[in-house]
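Here are my notes on this structure for someone who has not seen it before. Please read them alongside the sequence and the model.

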Amino acid sequence: MAQLFMAQESPPAGGAQFGQIVIAGLMFTAVFLPLAVFVLRERAGKRTVFGRVADWMGDFSGLPRWAALPMFVAFLSGMSALIGVYWDVPIHMELGRDEGPLANPSHYPIYFGLMGIFASGVLSATLATKNLPKRTFKIGPHWKAPMGSIQMMATGLVGIAGFPLDDVWHRLFGQDVTEWGPTHVLMIGGGVCVVLGLQLLLGEARQVGATGPIVRLLGPVLAGAWMMGASAFLMEFDLGVPQFPMLSQVVLVGLIGAWTLTYGRLSWGPGGALIVVAVFLVTRASFTVIPLFADLHVASLLPYLAEAVIIEVVALAMRNRQGYTFAAFAGLLVGTAGMLAEAAFTQWLMPNPWPSAHLPLFVLFGTGAALAGAFIGVWQYQRVEETATQVPAAGPRHAIGLVGALGAVVLMSAVAVPQDPEADFTADVRLTEASAGQPISNPHGGGAPRWVDATVTLSRPDLADDSVWLNGFAWQGGDFFTAPLEKIGDGVYRTAQPLPVFGQWKTGIRVHVPNRMMGLAPIYAPADPAANAPAIEAASGSRPFMSEIEFLQRERKSETPAVLWTVAYATVGLIFAGMWALFAWLYAGAATARRREVSVG
C-alpha cells in the first residue's frame, strides 16, 4: 500500500493544476447533467426512473415519495463523504500535503458524497408534487418544496462550495492541512448538517400522514446520524494531532452529546438515547476499514455511553417531561458526571488524555456546553413535533433555544483559538543517537534513516508542570508518532520514544498550557522549496517555542496581506453562519403552519 501514497520531495503548496480543475468540473457535470434532466422531466409531469423508485420506497417505508428516496440517497452520500474524511486526515498526518486534489484517493468519496448530499435535496424538492405539508418554500410560480428539502440543498451547496473555495484558499494562503481549516469546515459542516434537513423532513412527512415502524425509528436513528456527523470535528483529537486547545474537545463533546442524546430520547421515549449511541458506534466502526487496510492511523473515539445513561435516568426520574426543565437537569448532569466519565474514558481511549489536574476547568466548560446542547436539542425536538402534529408546544418557543445557540457560539469562540507561547519560552535540546528506530507504516521521502533521543530542559518548568500535554512529536514522514515526555528532573524531560530526523519527517516538542497556549520547539524539518520553508537541522542547542501553526502548517504564505486574511475569514464565517441561520428559520417556519393558517382565517 505504501506505493499508493508515494509523494515527491516537495509537492505543490498552492492550488490545483488547471487540468485537475477541468477533470473535477467534468465529474461535477457527469453527476448533475442527468439530475437536471430528471428535474425537468419530473416537474413536467413525466414518469422517471427516480420517480418510480421513490414511489416504491415510499410504499415500503411509509414515507411520502419526497422523503423516502432522498433520505436513502442522503444516507449513502453522507457515509461516502465521512468515509473519505476519516481516510483523508490520516493521510495528511502521515504523508503531508497532496500532489493535487485528484492525487489523493480519499478526495473522491468526499467529493461524490457532497454532490450526492446536494442532489438528495434536489431530489426531495423535485419529487414534491403532491401530498405536501401546509407550510412550504416557494421555489417558483408552480413549485413548492418542503422546508427540509431546502435545508438539505442549502447545506449540500455549502459543502460543495467548499471544494472550489479550498483551491482559492490554497492559492492565496498556501495549503492548510488542519481539519479545522476554514474551507474544510465548510465542506465537513455543510456535509454533515444535511441530517438537520432530514430531521425536519421527517417531521413534515409525519404531518402528511407518514406512519409505521420505520418512520418512528428514524427519530433516534437520525439523531445518531447527527452525532456521527458532528463528531467528525473531533477527529484530530481522536487521532492525536489536535491543532486547537483541548478545551475545544471538551466543549464539543458536551455540546454534541447533550444535543443529540436529548433529541433522541425525546423522539423515541425510553431507550432512545441508547439507540443514538448504537447508531454512532456502528457507523464509526465502518470508517476504520480503509485506514486499517491502508495501514494508516485509525481514529479513536469517546463513546458518549455515560451521557446516554444519564439522560435516560433523568428522563425517567422526571416522568418523561419534554421541556426546558428536563434540558436543564440533563445538561447539568451530562456536564458534570458525564464529563467526569469521559475524562476516565480518555485515559484509555485518547492519545492525549484529559489531565486530572484540570478536571474542574473541564467540568465547568463541559457543563456550559452540555446545557447549551440540551437546550438546542429540546428546541429542535419541539419544532419538529409542532411541524408533525400542528400543535404548538407549551412554554417559551424560541428564547431558551436561542440562549443555547448563543451559549455554544460563545463557548467555542472562547476556547477554539490557540494562543502563542511567551517570547522567552525556550527548550534546550540535547540529542543522542538512538540505538534503534520505530517501524514506519508508509515510508516515503527517502533520506538516510536517523533516529534520536532527546533530553529537553525547559526555561519555564512551571509551564511544563501545569501542561495539558508535553509530547515528543513527529509526522508526515510516512507515519505519525507522539508520546508524553518523561520527567527526569526539575524542568528536565526525556523523550519516551526515539524520534525520526530524516527525509520528510517534521519533528519537535509540543506543549499545551491551559487554557489556550500551544507551542512547539522544532527539532527537525526538511527544506520545502514549494512552501518557501528552510530546513531545520537536527542538532543539539536551544530552541524557542514557536506558534504551532508556524511549524505544523509550513505551507502557509506569510507574505499574504493581513487584510486579505480578514476578508477571507469573514467571508467563510458569513457563509457558515448563514447556513445555521437558515436552519433556525426553516425550523421555525415549518413549525408555525397551524398558527399562520388560523390567523389568516
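In what sense, and over how many bridges, do β10 and β11 pair? They pair in the antiparallel sense over 7 bridges; two strands count as paired if DSSP finds at least two bridges between them.

1. Basis. This is a predicted model, in which local features need pLDDT of at least 70 and side-chain atom pairs count only at pLDDT 80 or more, while totals for chains, interfaces and linings use all residues. Residues are numbered from 1 along each chain as its sequence is written, and side-chain values use heavy atoms, with hydrogens and water left out. Helices (H or I, at least four residues) and strands (E, at least two) are DSSP runs, numbered from the N terminus.

2. Confidence. The average pLDDT (the predictor's confidence in each residue, from 0 to 100) is 91 for the protein, and 95% of the residues score at least 70. Among the elements, helix α7 (residues 194–207) has the highest mean, 98, and helix α20 (residues 593–600) the lowest, 41. Residues 595–601 stay under 50, and the model has 3 contacts for them beyond four places in sequence; contact means heavy atoms within 4.5 Å. Residues 1–8 also stay under 50, with 16 such contacts.

3. The sheet. An open sheet is formed by 5 strands in the order β6-β5-β10-β11-β13, with antiparallel pairing. Its edge strands, β6 (480–484) and β13 (546–547), each pair on one side only. β13 pairs with β11 (residues 517–524) over 2 bridges, and G519 has S547 as its bridge partner there.

4. Strand β10. On one side β10 pairs with β5 (residues 469–475) over 7 bridges, where T507 is the bridge partner of A474. T507 also stands opposite Y524 in β11, and a hairpin joins β10 to β11 through 3 residues. Because 8 of the 8 residues of β10 (residues 506–513) are buried (under 20% relative accessible area, 1.4 Å probe, protein chains only), the strand is largely enclosed by the rest of the structure. K506, G508, R510 and H512 cover one face, and T507, I509, V511 and V513 the other.

5. Helix α6. In α6 (residues 182–192), 11 of its 11 residues are buried. Those buried residues pack against α3 (65–95), α4 (107–127), α5 (147–173), α7, α8 (213–230) and α19 (562–590).

Conventions: Buried means under 20% relative accessible area, exposed over 50%, partly exposed in between (1.4 Å probe, protein chains only).
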